[in-house]
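Welcome, and please open your viewer. Keep the selection tool at hand, and we will go from stop to stop together.

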Amino acid sequence: MMETKHKSGLVNVTCGGLCCTKIRDIQVTRGKTTILHDVNLHIHCGELTALIGPNGAGKSTLLKAILGEIPHQGKVDFVSAAGNIARNPVIGYVPQHLEFDIGSPISVLDLFFASKTGSPVWLFNSHKLRLQVLESLGRAKAEHLIDKRLGNLSGGELQRVLLALALEPVPDLLLLDEPVSGVDFKGIGLFYEMVSDLRRQFDLSIILISHDLGHVAKYADRIVFLNKTIQCEGSPEEVFRNDKFIETFGYVNI
């Protein structure tokens, strides 16, 4: 069982050297309803895996099972570079939505500080903290947002802040649940480019839920088509030519 500590968009547990995440025979049920069944995946280091599927396919549920947030059958093993089971990997998580009072005076700096310490910002060395937060925001090219109130952030700005928070510290596995919902088309492209750069820079394993098939085809190493169970997986070309994909999404040119 993983020990998780939630930090407003980040699920953070400590370890390092993750090589592979092995998802085996995952099944999730609620009452008599089966949400997921027979889900088997290997997520490799440095790989960007896009998880696609219709609404209600169980995509967000799978991420929560990986995080250990919901009851499930099956196993999720985190394997180190040495081939051993890593009990406590660092996992970054960007949720689909962050619920907060848009009228609150909480700033981006306040959010980071609360996530790091759980204490008010004025109790500590604010200059030292500011430098640390600026460094963290720099990973998502969001340093200029440090003093901005959360309620005044655009959708794209908020997602950059949450991404920076999920990268503090740099995780072994990064989970992104529709991170560009509410972001304009130009912002979506910039977000995908940034995530792809981060993957290369830090050799991250990334699972990204998305409905943006064009961007997925351009940036993902592998696509997994999920609808209760895995319908097909492979390169964008392989998945987009699969009959099950075409039955659901139609023909997509890439």
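This tour begins with the whole chain and then visits its parts.

**Before you start**

This is a predicted model, in which local features need pLDDT of at least 70, side-chain atom pairs count only at pLDDT 80 or more, and totals for chains, interfaces and linings use all residues. Residues are numbered from 1 along each chain as its sequence is written, and side-chain values use heavy atoms, with hydrogens and water left out.

**Stop 1: the whole chain**

Show the protein chain as a cartoon and you will find eight helices and eleven strands. Helices (H or I, at least four residues) and strands (E, at least two) are DSSP runs, numbered from the N terminus. Of the 254 residues in the protein chain, 50% are buried. Here buried means under 20% relative accessible area, exposed means over 50%, and partly exposed lies in between (1.4 Å probe, protein chains only).

Now switch on the surface. The accessible surface of the protein chain is about 12,200 Å², and carbon and sulfur atoms contribute 49% of that. Such areas come from the Shrake-Rupley method with a 1.4 Å probe; for residues, only the protein chains shown count as cover. Among contacts in the protein chain with a separation of 6 or more, 70% are between residues 24 or more positions apart. Contact means heavy atoms within 4.5 Å.

**Stop 2: the six-stranded sheet**

Next, color the open sheet of six strands, whose order is 7-8-9-5-10-11 with mixed pairing. Its edge strands are strand 7 (91-94) and strand 11, each pairing on one side only. From one strand to the next, the twist averages 15°. Two strands pair if DSSP finds at least two bridges between them.

Select strand 10, residues 222-227. Why is strand 10 largely enclosed by the rest of the structure? Five of its six residues are buried, so the rest of the structure largely encloses it. On one side, strand 10 runs parallel to strand 5 (residues 48-52), with four bridges joining them. Look for threonine 49, whose bridge partner in strand 10 is arginine 222.

Strand 10 also pairs with strand 11 (residues 229-234), in the antiparallel sense and over five bridges. Isoleucine 223 stands opposite glycine 234, and phenylalanine 225 has cysteine 232 as its bridge partner. The hairpin of strand 10 and strand 11 has one residue between the strands, and there lysine 228 takes a positive phi near 75°.

**Stop 3: helices across the sheet**

Add helix 4 (residues 155-166), which lies across strand 7 and strand 8 (173-177) and runs at about 165° to strand 7. Then add helix 5 (residues 185-202), which lies across strand 5, strand 8 and strand 9 (205-209), at about 160° to strand 9. For these angles, axes are lines fitted to C-alpha atoms, for helices over the stretch in contact, and angles run from 0 to 180 degrees between N-to-C directions.

**Stop 4: two more helices**

Select helix 3, residues 126-138. Which residues of helix 3 are buried? They are Leu129, Val133, Ser136 and Leu137. Seen down the axis of helix 3, these buried residues fall within an arc of 95°, so they line one face of the helix. The arc is that of the directions from the helix axis to the C-beta atoms. Turn to the face away from the buried side and you will meet the exposed residues His127, Lys128 and Glu135.

Helix 1 (residues 59-67) is largely enclosed by the rest of the structure, because seven of its nine residues are buried. Among them are Leu62, Leu63 and Ile66. Just after helix 1, glycine 68 takes a positive phi of about 80°.

**Stop 5: single residues**

Zoom in on cysteine 20 in strand 3 (residues 18-30). Cysteine 20 is buried, with a relative accessible area of 6%. Not counting residues up to four places away in sequence, cysteine 20 touches His42, Ile43, His44, Asp77, Phe78 and Val79.

Also in strand 3 is aspartate 25, which has a positive phi of about 50° although it is not a glycine. Aspartate 25 is partly exposed, with a relative accessible area of 47%.

Finish at proline 169, in the loop between helix 4 and strand 8. The peptide bond from glutamate 168 to proline 169 is cis, with omega near 0°. Most peptide bonds are trans.
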